[in-house]
Every structure is written in structure tokens, then in C-alpha cells.
Amino acid sequence: MGDVSMQTKPRRSFASDNNAGVHPSVMEAMAAANDGHVIAYGDDVYTARAVKKFREHLGKDTQVFFVFGGTGANILGLKAATQPHHAVICAETAHINVDECGAPEKFTGCKLLGVRTDDGKLTVEHIKPLLHEVGFEHHVQPRVISISQATEMGTVYKPRELKALASFAHDHGLLLHMDGARIANAAASLDVKLRAITRDAGVDILSFGGAKNGMMYGEAVVFFNQKLAEDFKYTRKQGAQLPSKMRFISAQFEALLTDDLWRRNAQHANRMAQMLAAALAGIPQITVTQKVEANGVFALVPKRSVPLLQKKYFFYIWNEEKSEVRLMTSFDTTEGDITNFVSLVKKTVR
Ligand SMILES: Cc1ncc(COP(=O)(O)O)c(C=O)c1O
């Protein structure tokens, strides 16, 4: 089954926070939810409790819809806000632009306008030039600014940066969408509440990530703008993202949002990234290329060393030409993983 080379990749890796397993408390919550029959499709006590948790964190009139995965959350959240003649402005490096196989374009019909950035973060200055042709029928009409928090480059928007983007968006009739696959890592990094970088910053639609922070699967599409949520239950079903056994996603979110498990997991992953970056920065042949603000480390590694390192600790090459690699940490990365990997790097690049 599958690609044999994939099956023989080493077990511990810095490839992705998706490569980690499930946090034991999340697993326990799933097992506890595995108790007899409940009504399917979300009309159950686990879902009611999970939605309540979301509202405690994000505000009481928050609309929450659970879905299977992050791509599904992004494309349906964007669909709720757009028509096919609209455009979605995002960073060139955004997951929606490069890692969703064209699904956002297919499902929304919108053109994505990818903007080149140094660090994965959009600013008002990036967006202004794209609004020159508003109202001109020959051009797509920008409707949404989509940002990732934390970004695909491991950087994090500060609340004031988010507020600047949101108020610019709203002043120009646009909406702010946030791909929060790593929202927990961002909030932990800034040491703020989840709502400080979402609702309170002016975000309209949020994909709230679970899988990268200790869940087995499941994400949430969250609306702070009530109107956008009105027909979303139909959009979710039509988009094949309505989970029948929803209680198992709900139970996971309830566990994650209880007793700050979400924050503890993210803080740990972030701390491991800091430790990794600091150790790599001390090796003369290695250059860390991005600020390490969440759980990703980007580094230039001598080309000949990459395959040797990948044999022991798998990770992905981010930029082949530059020999830049991406190293992701997760809630279960250990200090031993870091010290073993770093000593391997030291030996390999010599
Ligand atoms: C920034 C970002 N958004 C969204 C996703 C969601 O992806 P998936 O559809 O695999 O859950 C990912 C996964 O890697 C991601 O890195």
C-alpha cells in the first residue's frame, strides 16, 4: 500500500506538526465520547459543550461549524464571503495559494492574488496597489484579505498589525479571513488570549486549527460576522464537510479548549522551535532565515548535507535553489529530539 519510500521514512521528524500523534487528553476525550448512541451531525451534548467552550474563548455570539480538515475550513469559509467574480488577496506563500491544489479557486470561483512578502505577512502597503481597479468590470473585485496566523514562514502577526489590516479591509468593503491552522501557536507566542488576535482584532472569518496542536483531525470555521454564517450550514454540507459523527471532533475541541491544553501544547512546540533555532544558529555552516515566532524554523543547510540528515530526521526542503529547509516542531517534540538532531547536523555539515 502506498509509496514504500514514504513508509520507511524515520519515525521522529521535523517534517510537519501533522506528523505528531494525538495528545493523550484528546484521545481520552474521544474514548469518553465513545459511549452509546447520540444524534448524528452535531445535535449532541459534546457538540453543544464544545461550541460553548469556543464562545467562552471567542465571545458569546460566535458562530462555530466543525469540519474535517483545514483545506475544507479555508475554502468553505472563503466561499461564504465571496462570489466568483471576487478576488482573495493573500501572501504568495499562503497555504490557500500553494498547498490546496487549487481548491480555493475551484470551490469559490475566485482568483487568488498572491503577494510577494519577505516573511509571509501582509501589510496594508501590499494591498493598496491591488485596489486600483475596483468597480472596473474587466477585473476581478478584491473582496477578502486572507492571512495565516501563524504564517507559513513561522512568523506571527501582532494584534496591532491585525487591527491595521482589519480596519483597512473594512474601510474598503473587504473582509478579513484568517487561516488559523496554527492560531494556538500564535496566541501562545504573543502570550495573549485567542480573542485578542481574532475577534478583538477585527477578523471576520477564522479557520481554527486543531490537528496541528494535538487533535487527531478536525478544524472549525468560525464567524464573527453573523451575516456570513447565515447559510453556512448548507455550504458545509454541499462542500462535503459535515461530519456525521461530529461528537468525536467536538470532544477533541472540548479537551483542547479546557484547562488551557491548547496553550500548553502550543507553548511547548514554540519553545522547542526556539531551542532548535538557537542551537542551529550556533553552527557556522547554517543560517536561520526567518524570525522564529511560532513552531517553524527555516534554515539554509549545505545542499550535500540535506539528504543525509533527512535519512535520520525527515523534513521538507522549502526552497531547492537556496537549499532552505523547513523544520517544524510539535506538542510532542522532545529536548532529546533537538539535541540528537543538532549533534547530527554538526557532524554532517563538517
Ligand atoms: C497554514 C495551513 N493552513 C491550512 C492547513 C490545512 O491543511 P489540511 O487540509 O491538510 O488539514 C495547513 C496544513 O498543513 C497549513 O499549514
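Let's start at one end of the sheet, where E1 and strand E7, residues 219–223, pair in the antiparallel sense over 5 bridges. If you want a spot to click on, take Gln-63: its bridge partner in E7 is Phe-223. And please keep in mind, everyone, that this is a predicted model.

Now let's zoom out to the sheet around that pair. How many strands form the open sheet, and in what order? There are 7, running E1-E7-E6-E5-E4-E2-E3, and the pairing is mixed. The edge strands are E1, at 63–67, and E3, at 111–115, each of which pairs on one side only. From one strand to the next, the twist averages 20°.

Next, what lies across these strands? Have a look at helix H4, residues 70–79: it lies across E1, E2 (86–91), E4 (141–148), E5 (175–180), E6 (205–208) and E7. Relative to E7, helix H4 runs at about 20°.

Okay, the whole protein. In total we have 15 helices and 11 strands. The C-alpha trace spans about 60 × 55 × 40 Å along its principal axes. For those of you who like a sanity check, a compact globule of 350 residues would have a radius of gyration near 20 Å, and the protein has 20 Å, so the two agree.

What about burial? Of the 350 residues, 47% count as buried. And for the contact-map fans: among contacts with a separation of 6 or more, 77% come from residues 24 or more positions apart.

That's my tour, thanks for listening!

Terms used
Residues numbered from 1 in each chain as written. Predicted model: local features only at pLDDT ≥ 70, side-chain atom pairs only at ≥ 80, totals over all residues. Helix = DSSP H or I, 4+ residues; strand = E, 2+ residues; numbered from the N terminus. Rg over C-alpha atoms; globule rule 2.2 N^0.38 Å. Buried ≥ 20, exposed ≤ 12 C-beta atoms within 10 Å, placed from the backbone. Contact = placed C-beta atoms within 7 Å. Pairing = 2+ DSSP bridges. Axes fitted to C-alpha atoms, helices over the stretch in contact; angles between N-to-C directions.
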